[in-house]
Amino acid sequence: MAAVASTSRPSIASLEAPRLAHYLAVGLIAGAIIALQISVMRVFAVGSWSHFGSLVVSLAMLGFSLSSVVIFAGKDWFDKHWQGAATAALLLIGPLAVASNLVAQTVPFNAIFLVSDPEQKWRLLANFLLYLLPFLAGAFFLGIVFLKSRTAFGRVYFADLTGSGLAGLVVLVSMYLFSPETIIVVPLLLWAAGSLLWFLAFGAWKSVVAGVVVAALSIAGYLMLPGLLGIPDIAVSQYKGVAYARNFPDGKRIYRSVSPFGDLQVYASSYMHFAPGLSDNAAFGMPEVPANTYVGMYRDGDGPEGIMRNLAPAEQVYFRYLPMHYPYVIKARPKTFVVQFGGGISTQAALDAGSTSVTVAESNPMTLRAFRDPILRDVTGDILAEPRLKVIDYDGRLFLANTTERYDVIDLSLADSVGLSNPGGFAISEKYAYTHEAMLSYMHALADGGVVSVTLWNKEEPPKSVLKLYSTIAEAARTFDGQGAANDIFAVSSYLSTTTVLFKRGGFTEAEIKTLRDYTRSMSWEEIYYPGMAYDGSAAQKILDDYRASIFGSGEDATLTQPAADATAPADPTAPANPDCDPTAPADPTLDTCAGAGGDAGPQVLPATALERMAWHALLTGGWEKLASDYVFDARALSNDQPYFAAYVKVADLPRTLDRLDLFQDDWGYLLIWATLGIACITAASLVLLPVLFGWRIVFSRSRGKLGTILYFACLGLGYIMVEVGLISRFTVALANPTVSASVLISSMLVFSGLGSLFAERIFDRARTLLPVVLLAICVLLLAYGFYLSPVLDWIGAYPYAVRLLLCFLLVSPPSFLMGMPMATAMTWLARLGKEHLFVWAWGINGCFSVIGSAAVPIVATSFGLSAVLQWAAIAYLVAIPAFFAVLLPAKAPSVRLVTA
Amino acid sequence: MRRRDFLALSAGAAAFSILPGAARAALPAPYDRNAEVPVNDKKAFIEWMVANRGEDPKFLAERFDRFQIMVYNKDVLDDRNKRAFLSTPREEFVLPQNLGRAYDHAFLDIGYGVTISGPHLVGRMTTVIDVQFGEAVLEIGTGSGYQSAYLANLTDKVHTIEIINPLAQRTRRTYDALIERGYSVFGSVTSRNADGYYGWESVGPFDKIIVTCGIDHIPPSLLQQLKPNGVMVIPVGPPGAQHVLKVIKQQLADGTFNIVRSDIYNGKVVPFVPFTKMEGDQIVGTHNS
């Protein structure tokens, strides 16, 4: 403990009595690291795909564990040369951040070729290794600081957590000022300030000069090198939506705004055409689809979402051919609510259909700002100023859950959706607008005889998301109307296009059913369900079995159903697809080809359509559980606890995906989480085992309670991160935006935990009795949050945004404060007991299990629900109670030296 | 070998690899669309193609191996399609860095955010629309040009539209270079750089239409330019995970039209086809291996 670096002055030799400047420096550097983490994720979100950014960044955090192991192995050396090592690590953070980001832009990897092109996995690895470097340097610096400030750990840890937390807010605000191309300036500035403060605190003037030069060069290099070297600021994948807009000969960006809500860009081009779900009959029923009607809106380069210009009256017949027109077929002059404004097409359709008033919600303030911008006002004919329109500037779901207003039509059409499929898969993200609770809110907000209309893309074969939608609406309808539900639903779909479900409060009349069916036929859409629809389930099991075989089959029977065996195959494509009347086909009189007059027969009912009919039949009359369990993909309803259109592959089937990964491209976001978890576990296991190779017996011979100590810190690592990531997902309900939710949660949790670790100093001496109480309190709080958070967040969501932020802050504070105490207390006791190697190593264990925990959250959430995430975290804190006593076991050596704090 | 010679040779080899089209010789024999290309024997096929088309035996062997798997999987069915596939030099339409994977069961990047579909998918889609000689075919999304090249072996009226101008120009140059070398068949391909959404009204209507670009609805103009009882195929979904939508413009007895959507398997649930490969003359699955 008496090691003194030769170059340092005695009074500050080992950081055992750090000054304010030291704390500030540590806070700034820790803040720079978290800012870099968020910035790199922005670079990935804009350049390629955000979920690969999460993968790279979360694995880069393993740098902390790696540095801990290295410091562990060379503890004596680091004890002696700590100041030089810290200086070097500190000076390297900035240049490494700049260099790794620059080089990473030259080795972009393309997610969509990950399976088919062997080179891509090496590029992904290169990205990971590159971005690991600055985090590794940062981790070394902080690790050395922790090593040298063992007895003041609580305070340094407070600085570390508070700095990280506040930096989260700094980055959030900075996103208004810096575009993704320049956002890394923020961590660089934090790092520069932290470094200079650090060197100044030591009076190391040469280092101050070196720091200024390195910082200036790094920032200048970051901003100028891409231009000088001809390397893009961010290598935007050619497969991002915005890249296509740039390739159009007349593609022109007419608007851009950067904010925490994303990088929103609007491009104009005559080559853009949107008509989501347009009926094929439009080709013959309307004179011409209006040309030059749209501009395309892109968020973080993904899109486009079509923004429509004001159509001339003659062109407005166009809306009749879109599926969002459905509710207006039976509702004249309705009072309408549009749950999500998006690009405005649903709103236009509602206005066009003669709604007396249209209330429209949009939770993204940047979208509304864009529409109020003069350029887009010109394009849209200033739709937001339309007198019949009322705009709600937060989540429509929350508004409807808390309003006393009642509506004739509530529309949720293709929200959060950009029409084209997303190469590279979708990230696991919460879709709270589509949950059981949301549907119930919509149903409750209906006037008597009012209609909820939900339209979703139906582009999957085998169907996935539409089945989840159906089960969600059916569950909500049954909750709302019990046995009457079967009379409240009307569902249609268009193959590989869209599906629309109508729910009518009080049930459909015969006349309405007829009107809707006539409209469906006139659009050539398929009937999926209506009250009284005949159903023949004789082929049901075969369809379920066939779908399973189509994904997980061996392919041995492939030839049986290939076109060769199909008499209607290419030989005569003009012939009806079902010339031989199939007596086993569903007995729907409108589609039964046997009933037709021969030549005009339609095709046999497609398996996807038959499956959708089966699903509704089972949902409303019983048998859904068996159907869902026999179906190849997960079809469970969305709830606030499991708000995911993702994770379709059932867990038991995961091993069987490995030799056919290309069949699951749209679920890669989910599969990638498993891959992250796997890699994190393997790496963590190696990092835990490495110290054993370095001499468990020799180094640890004096330390008792090793296994218990490992368990304790593993529990803290897992527990803390699971609460953090789990709550970020949860709080999106109230804060309506994942980025804001993440920033607020990270900041408030870390700051309150920092305060907790500072407060922990007061219980150090009575830790044996008090800390178990603290751990138990955390456990109880987390369990309570797991059970009761959802209604509380719904309630918070109805307040103005500033109040919501404040309430969320307050809500997070009690568990966060308590969760700051166990780490600081245990680390300080390890130092007091002279278990120095365990002290270094514990930090690494904690880091490893943080990475594992963050990867485990989405898996637990999609499999068991977000409440389960908090429950698992609660269990981790519970297990930590007995493990804590192992931490307190005195070292074996004869002279146990207690160091007073 | 002296150093100077070595350098000269290397430079020559490098130039050859960069400019494969320009550096290669003309076809040994005039191109005949109806030639009886051997389809039953790999050796005979390679010998015939080397003698008549002067193509690289390495690629010919890969093409024949892929062909056998496609036949096994019923991706190509009739003799016309079989010959068309075997006659189309896919290696001319992929980027130099992907030459080694030209005949893989995979889609490949061709720049501009565009892919060339895997040979199995091209074979399957083309087989499904069953192009007869003399039929007018419209392709939306020229891309690499491979699909149109394949079609040119089936009919003499292939029209193709590409929205991305530099890509349209690059592919046109590929065609022109091949035509110059003697691939006269590609003279049947008319190409233009335009927005395919509006089809090609001045040369329509078409018997068959293939759309290979992402769109959230079927462009009405294309349905209008499809002849009565004509067929259109459109891949839907992300590259590599696409489902192919088949659309028939059915003319009813009263003269009106009914648009029938299905998939290219005519509404069958199709079992997963394992990745197969050739081992010697045997087709084997690579499942779980």
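**Figure 1. Two domains of chain A and the distance between their centres.** In this predicted model, the centres of domain 1 of chain A and domain 2 of chain A, taken over C-alpha atoms, are separated by 22 Å. To find them along the chain, look for residues 14–239 for domain 1 and residues 654–901 for domain 2, as given by the domain assignment. Where these two domains touch, domain 1 of chain A contributes 35 residues and domain 2 of chain A contributes 45 residues.

**Figure 2. The side of domain 1 of chain A that touches domain 2 of chain A.** Four helices of chain A each supply at least two residues to this side: helix 2 (50–60), helix 3 (62–73), helix 6 (118–148) and helix 7 (153–174). Which helix gives the largest share? That is helix 7 of chain A, with 13 residues. Sorted by class, this side of domain 1 has 20 nonpolar, twelve polar and three charged residues.

**Figure 3. Helix 30 and helix 31 of chain A crossing.** Two packed helices are described by the angle between their axes and the distance between the axes. Here, the axes of helix 30 (residues 836–864) and helix 31 (residues 866–887) of chain A come within 7 Å and cross at roughly 125 degrees. The two helices of chain A are therefore oblique to each other, and their crossing is right-handed.

**Figure 4. The residues that join helix 30 and helix 31 of chain A in contact.** From helix 30 of chain A, look for A:Val857, A:Val860, A:Ala861 and A:Phe864. Their partners from helix 31 of chain A are A:Leu866, A:Ala868, A:Val869 and A:Trp872. By class, this contact has eight nonpolar residues, no polar residues and no charged residues.

Technical notes
Residues numbered from 1 in each chain as written. Chains lettered and ligands numbered in written order. Predicted model: local features only at pLDDT ≥ 70, side-chain atom pairs only at ≥ 80, totals over all residues. Domains from an automatic or database assignment. Contact = placed C-beta atoms within 7 Å. Nonpolar A, V, L, I, M, F, W, Y, C, P; charged D, E, K, R; others polar. Axes fitted to C-alpha atoms, helices over the stretch in contact; angles between N-to-C directions. Parallel < 35°, antiparallel > 145°, perpendicular 65-115°, else oblique. Left-handed = near helix turned anticlockwise from the far one by under 90°.
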